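Student: I would like to go through the terms used for this model and check each against its cut-off.

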Amino acid sequence: MIRRLKYDEIDFVKYTQCLENSEQRKYSAARHFLDVTSEKQWELLVYRDYEAVMPVPYVRKYGMKIVHNPKLCQQLGIFSEKDSADLNETFLEYLEKNYMIRIYTFNDFNKFHTKIRFKKNFLLYPESYETVYAKYSPKRKRKLRLGEDVLKESEIKEISYDKAKNFIETNTIGTSKDSDLSDFMRIFEIFHQLKYLTFTAFYYQNTIANVIATYSDYGMVALLGNFNDKDYVKLSGASVLIDQRIKETIDTHIFDFEGGELPNIEEFFRGFRPELRPYGIIENSKKELFKKLGYLAVNRKSFL
């Protein structure tokens, strides 16, 4: 019923048709997005003749494939003309039986009979900007009303990758300069070259205070990065930049905030009054993975 295809076995025309006609349609499952973020390390589970598909990215560790969502790839899961909990359960059972799973995320449409953990995400759906802005929280509206002195010395500009890279590397906190950050910048650079990614900066007194990275595709604008100089945090430049991108695109595009698990981030996003759209996740610790090694020794072919 379900076939497992390696990358070079995938019919990408049929895959793209299935994805584009699916109820769950997501930019993050598009071939070009997965090719860049996973460096073409992904396989595909297919139901019948591409009636439903499930992309499965992986990394190679311990001599085997381990399922792991790539950086900046928030949601994958099952894509079909109409979401079906019964069909989704079939995919879930196949995935858990045939793969070692570190982290795999489904999309916000996928329903299951099995109880799985969910993570938070927030979306704004297309409406007139005036309607969307009217729903902002009073606090968010206050943050967007810049004082005259700030307005006179500030501006919003789209900037180059090189300028964004310098700012991000200087102001990023919480990622490894040698690994995670370099991976993020590799992905950002390629998407920027392909015209999917835009860097927008808030300048104050001719100095960049804030930068956001937004990805546009499949009728959606996704906030892939929000970077701030802590010395200018009181200026609310991040709010101004996000509001500007919403203003430019919300008539025709969904705006995806790409997250909301951390309390301070959730509070910030909720100020724009988006809709909560949880998505499912399967996650196993390294310790839990090692427990499966005995089983793998017997069934090793499935995991190579």
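Student: What makes Leu-241, found in helix α9, count as buried?
Tutor: Buried means under 20% relative accessible area, exposed over 50%, and partly exposed in between, with a 1.4 Å probe and protein chains only. Leu-241 has a relative accessible area of 0%, so Leu-241 is buried. Helices here are DSSP runs of H or I with at least four residues, strands are runs of E with at least two, and both are numbered from the N terminus. This is a predicted model, in which local features need pLDDT of at least 70 and side-chain atom pairs count only at pLDDT 80 or more, while totals for chains, interfaces and linings use all residues. Residues are numbered from 1 along each chain as its sequence is written, and side-chain values use heavy atoms, with hydrogens and water left out.

Student: Which residues does Leu-241 touch, not counting residues up to four places away in sequence?
Tutor: Contact means heavy atoms within 4.5 Å. By that rule Leu-241 touches Ile-156, Thr-200, Ala-201, Phe-202, Asn-210, Val-211 and Ile-212. Leu-241 and Asn-210 are 31 residues apart in sequence and 8.0 Å apart in space, C-alpha to C-alpha.

Student: Asp-243 lies in helix α9 too. Why is Asp-243 said to have no salt bridge?
Tutor: A salt bridge is a side-chain nitrogen of Lys or Arg within 4 Å of a carboxyl oxygen of Asp or Glu. Lys and Arg count as positive, Asp and Glu as negative, and His and the chain ends are not counted. The nearest side chain of opposite charge to the buried Asp-243 is Lys-247, 6.4 Å away. With the limit at 4 Å, the pair therefore does not qualify.

Student: What makes Lys-65 and Glu-43 a salt bridge?
Tutor: Their closest N and O atoms are 2.3 Å apart, within the 4 Å limit. Lys-65 lies in strand β4 (residues 64-68) and Glu-43 in strand β2, so the pair ties together parts that are 22 residues apart in sequence. Lys-65 is buried at 5% relative accessible area, and Glu-43 is buried at 2%.

Student: Why are α7 and α8 called roughly antiparallel?
Tutor: Axes are lines fitted to C-alpha atoms, for helices over the stretch in contact, and angles run from 0 to 180 degrees between N-to-C directions. Angles under 35 degrees count as roughly parallel, over 145 as roughly antiparallel, 65 to 115 as roughly perpendicular, and the rest as oblique. The axes of α7 (residues 161-171) and α8 (residues 180-193) come within 11 Å and cross at roughly 160°, and the two helices are therefore roughly antiparallel to each other.
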